[in-house]
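Visitor: Please walk me through this structure. Short answers will do.

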Amino acid sequence: MSQQPAIAPAPERQPLDGRGAAAVLACAADQRAKVNVSASVLEDIAANGYPSPETLRLWETAREGHLDRLADEQSRVA
């Protein structure tokens, strides 16, 4: 029987201030939302199969729409 080395204790953590904690939580929520969207797409594919190519949106069209939305947001902020 081999002897395993003792696990070193975890170093103490530095607490976050309120704004830092809020930023980390917002990032986690954003990532969780993205993963939820990906998971729902995969679940749909598993349940219904792949969509037909005729019904898909070209990535160039999606990109242009996204860039238009970003430009619109920037013009409202500026």
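Guide: One cut-off to begin with. Buried means under 20% relative accessible area, exposed means over 50%, and partly exposed lies in between. Keep in mind that this is a predicted model.

Visitor: Is Lys34 buried, partly exposed or exposed?
Guide: The relative accessibility of Lys34 is 47%. Partly exposed covers the range between 20% and 50%. So Lys34 counts as partly exposed.

Visitor: Which residue does Lys34 pair with in a salt bridge?
Guide: The partner lies in helix α1, residues 18–48, as does Lys34. The two are four residues apart, about one turn of the helix. The closest N and O atoms are 3.4 Å apart, and the partner is Asp30.

Visitor: How does Asp30 count, buried or partly exposed?
Guide: Its relative accessibility is 37%. Buried would need a value under 20%. Asp30 therefore counts as partly exposed.

Visitor: How many salt bridges does the structure hold?
Guide: Lys34 with Asp30 is one of them. Glu64 and Arg63 also meet in a salt bridge, at 3.0 Å from N to O. Asp72 and Arg76 do likewise, at 3.2 Å. The number for the structure is three.

Visitor: What separates Asp72 and Arg76 along helix α2?
Guide: Helix α2 spans residues 59–77. Asp72 and Arg76 are four residues apart there, so the separation is about one helical turn.

Visitor: Is Arg76 exposed or buried?
Guide: Its salt-bridge partner Asp72 has 39% relative accessibility and counts as partly exposed. Arg76 stands at 60%. The cut-off for exposed is over 50%, so Arg76 counts as exposed.

Visitor: How do Glu64 and Arg63 count, buried or partly exposed?
Guide: Glu64 has 38% relative accessibility. Arg63 has 35%. Buried means under 20%, so Glu64 and Arg63 each count as partly exposed.

Visitor: Is the chain a compact globule or more spread out?
Guide: The chain has two helices and zero strands. Its radius of gyration is 22 Å, well over the 12 Å that the globule rule gives for 78 residues. The C-alpha atoms fill a box of roughly 60 × 45 × 20 Å along the principal axes. By the globule rule, therefore, the chain is more spread out.

Visitor: What share of the 78 residues counts as buried?
Guide: The accessible surface comes to about 7,800 Å², with 60% of that belonging to carbon and sulfur atoms. To count as buried, a residue must be under 20% relative accessible area. The buried share is 1%.

Visitor: How far apart are the centres of the positive and negative side chains?
Guide: The chain has 8 positive and 11 negative side chains. The centres of the two sets lie apart by 5 Å.

Definitions and conventions
Residues numbered from 1 in each chain as written. Predicted model: local features only at pLDDT ≥ 70, side-chain atom pairs only at ≥ 80, totals over all residues. Heavy atoms only, no water. Rg over C-alpha atoms; globule rule 2.2 N^0.38 Å. Buried < 20%, exposed > 50% of the residue type's maximum accessible area, 1.4 Å probe, protein only. Areas by Shrake-Rupley, 256 points an atom, 1.4 Å probe, with all protein chains shown as cover. Lys, Arg positive; Asp, Glu negative; His and termini not counted. Charge placed at Lys NZ, Arg CZ, Asp CG, Glu CD. Salt bridge = Lys/Arg side-chain N within 4 Å of Asp/Glu carboxyl O.
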